[in-house]
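Subject: Structure handover

Hello,

Here is the structure I promised to pass on. Please open it and keep it beside this email while you read.

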Amino acid sequence: MSYAGQRMAFWTGVFVFCVAWPAALSVTRYSIAEEMERGSVVANLAADLGLEPGGLAQREVKLDIFHNKKYLDVNKKTGELFVVEKMDREYLCPSKPASCLLKLDVVIESPLRIFNIELGISDINDNAPHFRRDRVELDVSESATPGERFSLPNAVDPDVGINTVKTYKLSPSQHFTIEIQTGTDGTQYVDLVLTKALDREETAVHNLVLTAVDGGDPVRSGTANIIVRVQDTNDNPPRFDKQIYTIDMTENSPIGTVVMKLNATDLDEGPNSELVYSFTLYTSEKTQDVFALNPSTGEITVKGTIDYEDMKFYEMHVEARDKGEFPLQGQCKVVVHVTDMNDNYPEITIQSVKNTVNEDVPVGTVIALVAISDRDTGDNGNVNLYIHDSIPFVLNKSSDGPRHYKLLVSEPLDRESVPDYEITLIVRDSGTPSLSDNETITLHLLDVNDNVPHFPQSFYTIRVMENNAPGALLSSLSAFDPDLHENQYLVYFILEKEIANTSMSMLFSINPENGNLYALKTFDYEMEKDFLFHIEARDSGSPPLSSNVTVHIIIVDQNDNAPVIVSPWRAHGSVVEEKIPRSTDKGSLVAKVIALDVDSVHNSRITYHFLQVTDATLFSLDQYNGEIRTMRMFSYKDPRHQRLVVVAKDNGDPALSATVTIKLSTVETAVKAYSDMTEVPLEYDIFTDLNLYLVIGLGSVSFLLLITILVTIVLKCQNTKPSMSAPPSRNSVISERNSTIADSTLVSNDAYWYSLFLAETRKGKMVVRQPVPKGSRYMVSSIPRSTGMSETSGSATSTLQVSTF
């Protein structure tokens, strides 16, 4: 059953019950304020109804429900009626009556009793006034007159009585106020009234606050924002920042360059503030040909050529007009001062020039006459001329004018160092930035014969291997002359010099064109060791210049002479026979092989080796001094005859050698060893055949030495005639001192002596030393100990006979 049906059945039962019990229809009235807290006691219902509080515990008590909520209830123990839920008068009585009265039925069962309760809910100021629209926007023309009224929304307050809206207030304003009107139903209405004329340019928007205030305690209020937008009217003309604008522009500014951007302002808005810029009739056509004005932005740009020499300044009269219904306008003047720009390059004019001069041209010679100019003025036309590089030239001002110069030679010139000059003249003005121009003068230097031929070395040492082929190329002695053409062409000569009636041209030849030096004969190191002479190089200039160089030819030895065994002496192809006692001790000297080699020191270094030996355990051979010694004593098993073949090998490449065969025979007689013979002199016949040969050889050598010394003295004393074959040269004279030194050197070569060998005599050791002139061949005879020659204390050497052939 629905709630309405239930209430109808309920009230039907109550009616029946009231008929039976008229006393149950009495009404009990209570009054409370809204919004009482839960648990607040309204009244003692049991006492008011005449019921026992304790009797309610066993009886069921029911109260009506409002809006699906139970707001009151009965305490069955105490019988008190208390608040279960807060009660909002504005919610329970939405129609906002002056008084809010709730009727409740209290039903108590067992037995059934119904009581009527009226609960009056009094209002409290628990609601603030509020506007249905908290933001109100109004559009008011700035031309509106004071006194005009504009309706505003009124505020509402759910409270009643004194707690409802009492008055309105407006935030302070110079232009607006409010008026409150009360309707026939008591409702208050608010009007916004204009009290002072509006100016949109001064204040475009007025922000007002309307406040509704109630009469409760405490007072509550609500606000609404009133936005008044002032609508513009075209009452302000455009205005420029200045009446006259002054701008500096450089000439030749590129097309499109922004001169300036005019900024006119119009305090109006909308179309009334949109501006259009234009030139007035006071602006000349020539100015308009040079400058352009953007009608929308007011930007002035360059559209033509700005030339300082054409116009020094420009005047532009500009108008700004708005787009209002009745347009207003403003004007200004723009003055453009043209700044001169350094746009003209300085110029160089070569009035006269020499492009070729001799390299020996005197210092101060004029090479060119130069003039400079610049069409600009002031600093832009102030020009200077200078030489770009550090070269031996200088600029001096000419007497023809302040901007005329002479290009002069400042230092001696040398074609061999710098054959050509690129003289770059630079003229520069004093503008900012400065401009410059340049001209290049090419100067060629002509050669003069001012350089003597130059050899890379002042002294040449040339090594020539002996046994060279005639005509062999020895070296190339090319000189260099930095001059040109005929001044550079060289001819080579050998400066003639006779040595022992032999001219250098008979020994050597030089190619006159390239300086190649050739040998004309085959040289023998054992005959000639070196040569010293001069070679001259002469150019073909006028006058010719020459220089010479010293050449030292050194003959290099070849290993072309085999060693010669001089001890022990034997006839060609014969065998040397020696006898030694069988009782010879270990280490005793048996024999000594001595060989000589006439080659140079390196090639003549001789070593000795056994080529054949009967018993290798019996004898030893010292490879450096050739001594043959016993390694042990002879035994009865050793053969009586021992055959030794010794080879003497030099140090050349390839090595050459000589051999000697020694036949040793052992004897049983008491023959003293070599080591004992040093104590007792041997007795021998002085006039043996071998000694006779030695004496004859010694005499021959002494005779040849005497002849050589006499020839040398004669050559020294003889006045040598100057050779006519030597070519003339300013440097061809050789000093007498140098000639003397060279002659003496060659003479000493002719008198060169070879030392054959040295064997120190100590305990049977002989010394053999004999100087032999050049060109000799040697036959050396050994001196056997059996000849009986004795050694003396005054001389530790014996002389061997040497035959020359």
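Let's begin with one strand pair. Strands β17 and β23 (residues 329-339) run parallel and pair over seven bridges. One bridge to find on screen: T246 has V335 in β23 as its partner. Keep in mind that this is a predicted model.

Now widen the view to the whole sheet. Four strands make up this open sheet, in the order β17-β23-β22-β19. Its pairing is mixed. Strands β17 (244-250) and β19 (275-279) are the edges, and each of them pairs on one side only. From one strand to the next, the twist averages 25°. A general point helps here: strands of a sheet pair through backbone hydrogen bonds, and they do so either parallel or antiparallel.

Next comes another open sheet. Which order do its three strands take? The order is β18-β21-β20, and the pairing is antiparallel. The edge strands are β18 (258-261) and β20 (291-293), each with a pairing on one side only. Neighbouring strands in this sheet are turned by 15° against each other on average, ignoring direction. Strand β18 pairs with β21 (residues 299-302) over three bridges, in the antiparallel sense. Look for M260, whose bridge partner in β21 is I300.

Here is the overall picture. The protein has 805 residues, and 41% of them count as buried. It holds seven helices and 51 strands. Take the contacts between residues at least 6 apart in sequence: 67% of these join residues at least 24 apart.

On to the cores. The largest nonpolar core has 28 residues. Which of its members touch the most others? They are L72 and M87. Several elements supply at least two residues each, among them β1 (27-33), α2 (45-49) and β7 (113-122). Strand β6 gives the largest share, with five residues. Now click on M87. Leaving aside neighbours within four places in sequence, M87 is in contact with residues including I32, Y71, L72, L102 and I121. E34 and E35 are also among the contacts of M87. There is a second, separate core too. This one has 26 residues, including F455, Y492, F533 and I535.

Then the aromatic rings. How many aromatic pairs does the structure hold? There are eleven. Take F508 and F523 as an example. Their ring centres are 5.5 Å apart and their planes sit at 25°, so this pair is stacked. Planes under 30 degrees apart count as stacked. F508 lies in strand β37 (residues 508-510), while F523 lies in the loop between β38 (516-519) and β39 (530-539), so the pair ties together parts that are 15 residues apart in sequence. Are these two residues buried or exposed? Both F508 and F523 are buried. Ring pairs also join F508 and F523 with F531 and F533 in a cluster.

Last, two lysines that sit over rings. K312 lies over the face of Y308, at 4.7 Å from the ring centre. K529 lies over the face of Y525, at 4.4 Å from the ring centre.

A good way in is to find T246 and V335 first, the bridge partners from the opening pair. Then go to M87 in the largest nonpolar core. Finish at the stacked rings of F508 and F523.

Best wishes

Methods: Residues numbered from 1 in each chain as written. Predicted model: local features only at pLDDT ≥ 70, side-chain atom pairs only at ≥ 80, totals over all residues. Heavy atoms only, no water. Pairing = 2+ DSSP bridges. Axes fitted to C-alpha atoms, helices over the stretch in contact; angles between N-to-C directions. Core = buried A, V, L, I, M, F, W, Y, C linked by side-chain atoms within 4.5 Å. Buried < 20%, exposed > 50% of the residue type's maximum accessible area, 1.4 Å probe, protein only. Contact = heavy atoms within 4.5 Å. Phe/Tyr/Trp six-rings, centres within 6.5 Å; stacked < 30°, edge-to-face > 60°. Lys NZ or Arg CZ within 6 Å of the ring centre and 35° of its normal.
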